[in-house]
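Welcome, and thanks for taking a look at this one with us. Here is a short briefing to read alongside the sequence and the model.

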Amino acid sequence: MKNAFRVAVIGGDGIGPEVVDAAIPAIERAARIDGATIAWERMPYGADHFLRSGETLPDSAFQRLQNEVDAILVGALGDPRVPDQRHARDILLGLRFRLDLYINLRPCRLLHPDLCPLKGDRKIDLVIFRENTEGLYLARGRSSNVGTPEEEQIAEDVHTAPKVTRIIRAAFEWAKAHGKAHVTMADKSNAIPAHHIWQRIFAQVGEQFPGIERDHYYIDALVMQLVKRPEQFQVIVTNNLFGDIISDLSAQLVGGLGVAPSGNLHPGKVGLFEPVHGSAPKYAGQNTANPMATILTGAMLLRELGLAAGATRLEDGVGQALAAGIRTSDLGGKMGTAEVGKWIDDRIRGSN
Ligand code: NAD
Ligand code: IPM
Ligand code: MN
């Protein structure tokens with residue numbers, strides 16, 4: 001079995017480099033539990049590099065990412081000095097599209113009871129399967145009369161059978177593999193006829209998974225239900241834009257963006273792993289951002305590489321840190337980014 005891995009790292013902008021630096025030692029140590037080593041290959045792409053060189057993601061880097069690494073870890077991209085975020089679109093969305101990473105997997109699990117803003121004793125454990133390669137994110141459309149009182153902006157919301165099928169199938173397959181009894185699909189087909197395809201394909205694919213129940217909500221009702229009774233959800237599958245929006249809402253149900261991980265996947269291809277949060281420019285360089293989302297992202301990365309014991313150990317480390325009050329200020333604590341990362345790393349070292 002393979003035990004030496006190469007992982008590319010794009011720290012990116014704002015808090016991205018800090019959370020990645022804080023998380024890497026613990027991820028590396030956790031990999032050793034499975035007898036594996038990780039060679040990290042740092043890449044400089046982000047706003048600084050773009051402003052200096054005019055380059056977003058050069059083709060040579062894309063080729064390396066596609067062919068020569070086992071996984072990609074990204075901090076965050078987004079910088080107020082690049083008002084149209086061109087570099088972020090090229091790097092982050094560009095990699096999702098060009099590597100055809102059609103599954104944006106975003107788990108939301110309540111790791112400590114006091115992180116949930118809802119009343120009562122809650123048990124939240126759901127995953128979002130966000131379609132990651134089409135919808136409004138294709139940015140197809142046209143504009144006319146820009147800057148005049150007659151300005152018109154048209155964006156096409158694209159949903160094609162092969163792509164809707166593969167994300168829905170991925171959600172059911174994941175549900176089956178993880179012993180989940182329910183898959184929920186959300187669209188807005190009552191107002192947007194182009195969303196009907198989701199209903200049809202959800203029924204067709206779902207029939208091939210007889211042990212799994214299907215639920216459907218229109219997206220507006222889904223967000224209401226997510227706040228009202230999140231326990232009813234196990235697997236939610238939806239389009240690119242709705243998946244983006246419900247990711248942040250669901251994250252806040254379990255402690256916020258500081259603890260929300262994600263993976264961009266296409267089975268058999270290199271995966272791109274990143275916290276759900278962005279570059280939070282206000283907090284950049286202050287050692288205050290929460291690195292837990294990136295550490296939990298590292299757990300997803302290890303699991304994809306087949307390093308399951310290390311992945312579990314990282315998740316346990318985050319749970320233990322939360323229980324011990326080792327927290328950054330977003331979770332009511334006083335610790336810094338680096339200190340939280342080190343505590344979790346030390347904890348993993350101690351348990352080996
Ligand atoms: P954001 O996720 O960067 O931050 C929103 C708020 O969430 C922050 O102000 C902060 O209060 C909190 N937060 C986020 N991450 C945190 C962490 N690790 N620890 C503690 N608190 C945290 O969203 P935004 O302000 O809308 O976007 C800022 C920039 O990031 C924009 O340029 C946006 O396009 C970009 N962005 C990038 C990604 C990505 O790289 N994957 C994701 C979302 C947003
Ligand atoms: C995310 C982000 C990105 C998205 C932005 C930065 C383009 O919000 O990963 O959730 O919309 O997908
Ligand atoms: Mn988002």
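A polar contact here is a pair of N or O atoms within 3.5 Å; within protein, one of the two must be able to donate a hydrogen and the other to accept it, and residues adjacent in sequence count only if both atoms are side-chain atoms. With that in hand, please keep in mind that this is a predicted model. The points below visit a glutamine pair, a β-α-β unit and two ligand sites.

**Glutamine 225**

- Glutamine 225 sits in helix α7, which spans residues 219–228.
- Is glutamine 225 buried or exposed? Glutamine 225 counts as buried because its relative accessibility is 12%, and the cut-off for buried is under 20%.
- The side chain of glutamine 225 makes a polar contact of 2.8 Å with the side chain of glutamine 232.

**Strands β8 and β9**

- Strand β8 covers residues 182–187 and strand β9 covers residues 213–218; the two pair in the parallel sense, with 6 bridges between them.
- Within this pairing, methionine 185 has histidine 216 of β9 standing opposite.
- Helix α6 (residues 196–207) joins β8 and β9 in a β-α-β unit, and this unit is right-handed.

**The site of ligand 1**

- Ligand 1 has 20 residues around it, and those that come nearest are Leu77, Glu274, Gly278, Ala280 and Asn290.
- Sorted by class, this shell holds 10 nonpolar, 7 polar and 3 charged residues.
- On the side-chain side, an N or O atom of glutamate 274 is 2.9 Å from a nitrogen atom of ligand 1.
- Backbone atoms take part too: a polar one of glycine 278 is 2.7 Å from an oxygen atom of ligand 1, and an N or O atom in the backbone of alanine 280 is 2.8 Å from an oxygen atom of the ligand.
- On its own, ligand 1 has 800 Å² of accessible area, of which the protein covers 66%.

**The site of ligand 2**

- Which residues are around ligand 2? They are Arg96, Arg106, Arg130, Tyr137 and Asp244.
- By class, the shell of ligand 2 is made up of 4 charged residues and 1 nonpolar residue, with no polar ones.
- Side chains of three of these residues reach oxygen atoms of ligand 2: arginine 96 at 2.7 Å, arginine 106 at 2.9 Å and tyrosine 137 at 2.6 Å.
- Ligand 2 exposes 320 Å² when taken alone, and the protein buries 72% of that area.

Terms used: Residues numbered from 1 in each chain as written. Chains lettered and ligands numbered in written order. Predicted model: local features only at pLDDT ≥ 70, side-chain atom pairs only at ≥ 80, totals over all residues. Heavy atoms only, no water. Near = heavy atom within 4 Å. Areas by Shrake-Rupley, 256 points an atom, 1.4 Å probe, with all protein chains shown as cover. Nonpolar A, V, L, I, M, F, W, Y, C, P; charged D, E, K, R; others polar. Pairing = 2+ DSSP bridges. Helix = DSSP H or I, 4+ residues; strand = E, 2+ residues; numbered from the N terminus. Right-handed = clockwise from strand over helix to strand, strands pointing away. Buried < 20%, exposed > 50% of the residue type's maximum accessible area, 1.4 Å probe, protein only.
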